[in-house]
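Below are some notes on the model you sent, set out as numbered points. Please read them with the coordinates open.

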Amino acid sequence: MLTTEQKLLCALAHLGIFIAIPILAPIIAFLVSNDDFVKMQAKEALGFQIMMIAASIISGLLVIVLIGIPLLLVVGIATVVFPILAIIKVVDGVDYSYPISGSIVRKI
């Protein structure tokens, strides 16, 4: 059973994209907490946000050849939807892992 503090720190880490600090919010949650669950969720959020920033840059460059336009739409939707799912799962006490970046982050 997660405490309220754990839930809030995990939610803060995943909420970073919505409060305009996508990289800083997970780092703050990681540094403030001593709990392994919170640290793993912060690493998950950080890895996902870094991956989304890289995907946005690549998609932006590919706009020149028109394939970047639908890619930007997919990246934009994923950037909004997956953190919302993560927040819902974490508040329910479930250890959430992002679909693509999660397996990479968990190995590190």
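1. Is alanine 20 buried or exposed? In this predicted model, alanine 20 has a relative accessible area of 65%, and because the cut-off for exposed is over 50%, alanine 20 counts as exposed. Alanine 20 lies in the loop between H1 and helix H2 (24-32), and its phi is positive, about 70°, although the residue is not a glycine.

2. A second backbone point of this kind is leucine 66, which sits in the loop between H3 and H4 and has a positive phi of about 70° without being a glycine. With 59% relative accessibility, leucine 66 is exposed. As background for both points, most residues other than glycine have a negative phi. You may wish to inspect these two loops in the model. A positive phi, near 90°, is also found at glycine 93, which follows H4, but there the residue is a glycine.

3. The geometry of H3 can be checked by its length: at 1.5 Å a residue, its 27 residues should span 39 Å, and the C-alpha atoms at its ends are 39 Å apart, so the expected and modelled spans agree. The buried residues of H3 include Phe37, Val38, Gln41, Glu44, Gly47, Phe48 and Met52, and the buried residues of this helix pack against H1, H2, H4 and H5.

4. Glutamate 44 deserves a separate remark. This residue of helix H3 has a relative accessible area of 0%, and is therefore buried. Leaving aside neighbours within four places in sequence, glutamate 44 is in contact with Tyr96, Ser97, Tyr98, Gly102, Val105 and Arg106.

5. Serine 101 belongs to helix H5 (residues 101-107) and has a relative accessible area of 4%, so it too is buried. Not counting residues up to four places away in sequence, serine 101 touches Gly47, Phe48 and Met51; of these, Gly47 and Phe48 are listed among the buried residues of H3.

6. For helix H4 (residues 68-91), the same kind of length check gives an expected span of 34 Å for 24 residues at 1.5 Å a residue, while the end C-alpha atoms are 35 Å apart, which agrees. Its buried residues are Gly68, Val75, Ala78, Thr79, Pro83, Ala86, Ile87 and Val90, and what covers them includes helix H1 (4-15) and helix H3 (36-62).

7. H4 also contributes to the surface, where Leu15, Phe18, Ile19, Ile77, Val80, Val81, Ile84, Leu85 and Ile88 make a nonpolar patch of about 730 Å². H4 gives the most to this patch, with six residues. One of the patch residues is Val81, which is placed in helix H4 and is partly exposed, because its relative accessible area of 40% falls between the limits of 20% and 50%. For context, nonpolar side chains tend to be buried together in soluble globular proteins.

8. The largest nonpolar core has 13 residues, of which Cys10, Phe37, Met52, Val90, Tyr96 and Tyr98 touch the most other members. The elements that give two or more residues to this core are H1, H3 and H4. Cysteine 10, with neighbours within four places in sequence left aside, is in contact with Phe37, Val38, Gln41 and Val90; among these contacts, Phe37, Val38 and Gln41 are buried residues of H3, whereas Val90 is a buried residue of H4.

Terms used: Residues are numbered from 1 along each chain as its sequence is written. This is a predicted model: local features need pLDDT of at least 70, side-chain atom pairs count only at pLDDT 80 or more; totals for chains, interfaces and linings use all residues. Side-chain values use heavy atoms; hydrogens and water are left out. Helices (H or I, at least four residues) and strands (E, at least two) are DSSP runs, numbered from the N terminus. The expected span of a helix is 1.5 Å times one less than its number of residues. Buried means under 20% relative accessible area, exposed over 50%, partly exposed in between (1.4 Å probe, protein chains only). Contact means heavy atoms within 4.5 Å. Patches are made of residues with over 30% relative accessible area and no salt bridge: like charges are joined within 9 Å, nonpolar side chains (Val, Leu, Ile, Met, Phe, Trp, Tyr) within 5 Å. Accessible areas come from the Shrake-Rupley method with a 1.4 Å probe; for residues, only the protein chains shown count as cover. A salt bridge is a side-chain nitrogen of Lys or Arg within 4 Å of a carboxyl oxygen of Asp or Glu. A nonpolar core is a set of buried Ala, Val, Leu, Ile, Met, Phe, Trp, Tyr and Cys residues joined through side-chain atoms within 4.5 Å.
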